[in-house]
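Grab a coffee and work through these exercises with the structure open beside you. Each one sets a task and then walks through a solution.

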Amino acid sequence: MDEVSQTIKTQPDWRYLLAEFYELYRQIPAGGSPRIRSHQRQAREAISRVIKAGAELRLQTAAQKPVTAHLRRALDQGRSGTMASIIRSLDCVADSLSWQYGYEKVPPGLTGTYAYAEIAGPQGPVVTTEIILGVVLFAPGCTYPAHAHQGITESYVCLSGAVSENHQGVYVPGSMIFNPPDHLHRITVGDREPALLAYAWLGKAGDLAGQKMVFSRPRK
Ligand SMILES: [Fe+2]
């Protein structure tokens, strides 16, 4: 029997979630930075094209990681704040998310405290070569080691909890962190609550398709 292909039209929870990402990139201020404003506009344009195209939905095998035991708390904490709308939308697809480490060798200490789940990208679940969207979850006290993305412009939006990047600022729900290509960044998470961030990656289709996390060697 032929498998009926699914799209964001037949599975509208995913379309609503994309619309919530679009709203994030419309509502969060650029803080006077033309570079961030341009990134936000490019993200909106890409998301808008994915929605209009009625993109294919190729669900990955649902997968949990130890850190996903903190997901419910992270969603609950985000429900009462400014990010409530996207939190509700994420909750609708939570059972279908495929939580991954993304590294062949997971850095020590990260197996129980970190995982990410893709929402859109070349590997799906919403299939697109224009942008990668996802969420990353950190357990309380997690340090996400220094990494950079070649050829990729990245933004994180804090949805729940609080994080710092490179000890240079504290980001709470509704804040956006902007990481240009090759920018080395390390994230720390408060001791008491998990943190949930949405992310968007923009770059050339080839860079998005071949993207791998890159860790710097730990300094002795
Ligand atoms: Fe990153």
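Helices (H or I, at least four residues) and strands (E, at least two) are DSSP runs, numbered from the N terminus. With that naming, the place of Asp-182 is in the loop between β11 (176-179) and β12. Keep in mind that this is a predicted model.

**Exercise 1: the metal site**

Task: work out which atoms coordinate the iron ion, and what its geometry is called.

Solution.
- Step 1. Pick out the donors: His-147 (NE2), His-149 (NE2), Glu-154 (OE), Glu-154 (OE), Tyr-156 (OH) and His-185 (NE2) coordinate the iron ion, at 2.1 to 2.5 Å.
- Step 2. Lay the donor residues out along the sequence, and the spacing reads H-x1-H-x4-E-x1-Y-x28-H.
- Step 3. Check the angles among the 6 donor atoms, which run from 53 to 158°. Six donors count as octahedral if opposite donors are over 155 degrees apart and all others between 65 and 115, and anything else is irregular. The site of the iron ion is therefore irregular.
- Step 4. Look at burial for two of the donor residues: both Glu-154 and Tyr-156 are buried.

**Exercise 2: a helix with a face**

Task: find out how the buried residues of α1 are arranged around its axis.

Solution.
- Step 1. Start with the length. Helix α1 covers residues 12-27, which makes 16 residues, and spans 22 Å from its first C-alpha to its last. That is close to the 22 Å expected at 1.5 Å a residue.
- Step 2. List what is buried in α1: Trp-14, Leu-17, Leu-18, Glu-20, Phe-21, Leu-24 and Tyr-25.
- Step 3. Now look down the axis of α1. Its buried residues fall within an arc of 155°, so they line one face of the helix.

**Exercise 3: strand β13 and its neighbours**

Task: decide how enclosed β13 is, and which strands pair with it.

Solution.
- Step 1. Count burial along β13 (residues 195-202): 8 of the 8 residues are buried, so the strand is largely enclosed by the rest of the structure.
- Step 2. Split β13 by side. Ala-195, Leu-197, Tyr-199 and Trp-201 point one way, Leu-196, Ala-198, Ala-200 and Leu-202 the other way, and all are buried.
- Step 3. Take one partner, β6 (residues 132-138), which pairs with β13 in the antiparallel sense over 7 bridges. Here Phe-138 has Ala-195 as its bridge partner.
- Step 4. Take another partner, β8 (residues 153-160), which also pairs with β13 in the antiparallel sense over 7 bridges. In this pairing Ser-160 stands opposite Leu-196.
- Step 5. Follow the chain out of β13, and Gly-203 turns up in the loop before α5 (205-209). Gly-203 is partly exposed, with a relative accessible area of 31%. Its C-alpha atom is 21 Å from that of Leu-17, with the two positions 186 residues apart along the chain as the separation.

**Exercise 4: strand β12**

Task: do the matching job for β12, covering burial and pairing.

Solution.
- Step 1. In β12 (residues 185-189), 4 of the 5 residues are buried, so the strand is largely enclosed by the rest of the structure.
- Step 2. β12 pairs with β7 (residues 143-148) in the antiparallel sense over 3 bridges, and Thr-188 is the bridge partner of Thr-143.
- Step 3. β12 also pairs with β9 (residues 163-165), antiparallel over 3 bridges, where Glu-165 stands opposite Ile-187.

**Exercise 5: aromatic rings**

Task: classify the ring pair of Tyr-199 and Trp-201.

Solution.
- Step 1. Rings pair if their centres lie within 6.5 Å, and by this rule the count comes to 4 aromatic pairs.
- Step 2. The rings of Tyr-199 and Trp-201 have centres 5.6 Å apart and planes at 45°, so the pair is tilted.
- Step 3. Elsewhere, Tyr-114, Phe-138 and Tyr-144 form one aromatic cluster.

**Exercise 6: backbone oddities**

Task: locate the cis peptide bond and two residues with positive phi.

Solution.
- Step 1. Recall the background: most residues other than glycine have a negative phi, and most peptide bonds are trans.
- Step 2. The cis bond joins Gly-124 and Pro-125, with omega about 0°. Pro-125 is in the loop between β4 (114-121) and β5 (126-127).
- Step 3. His-167 has phi near 55°, lies in the loop between β9 and β10 (170-171), and is exposed at 61% relative accessible area.
- Step 4. Asp-182 has phi near 70° and counts as exposed at 52% relative accessibility.

Methods:
Residues are numbered from 1 along each chain as its sequence is written. This is a predicted model: local features need pLDDT of at least 70, side-chain atom pairs count only at pLDDT 80 or more; totals for chains, interfaces and linings use all residues. Side-chain values use heavy atoms; hydrogens and water are left out. The expected span of a helix is 1.5 Å times one less than its number of residues. Buried means under 20% relative accessible area, exposed over 50%, partly exposed in between (1.4 Å probe, protein chains only). The arc is that of the directions from the helix axis to the C-beta atoms. Two strands pair if DSSP finds at least two bridges between them. Donors are N, O and S atoms within 2.8 Å of the metal (3.2 Å for Na, K and Ca); water is not among the atoms, so sites may look incomplete. Four donors count as tetrahedral if all angles lie between 85 and 135 degrees; four count as square planar and six as octahedral if opposite donors are over 155 degrees apart and all others between 65 and 115; anything else is irregular. Rings of Phe, Tyr and Trp (its six-membered ring) pair if their centres lie within 6.5 Å; planes under 30 degrees apart count as stacked, over 60 as edge-to-face and the rest as tilted.
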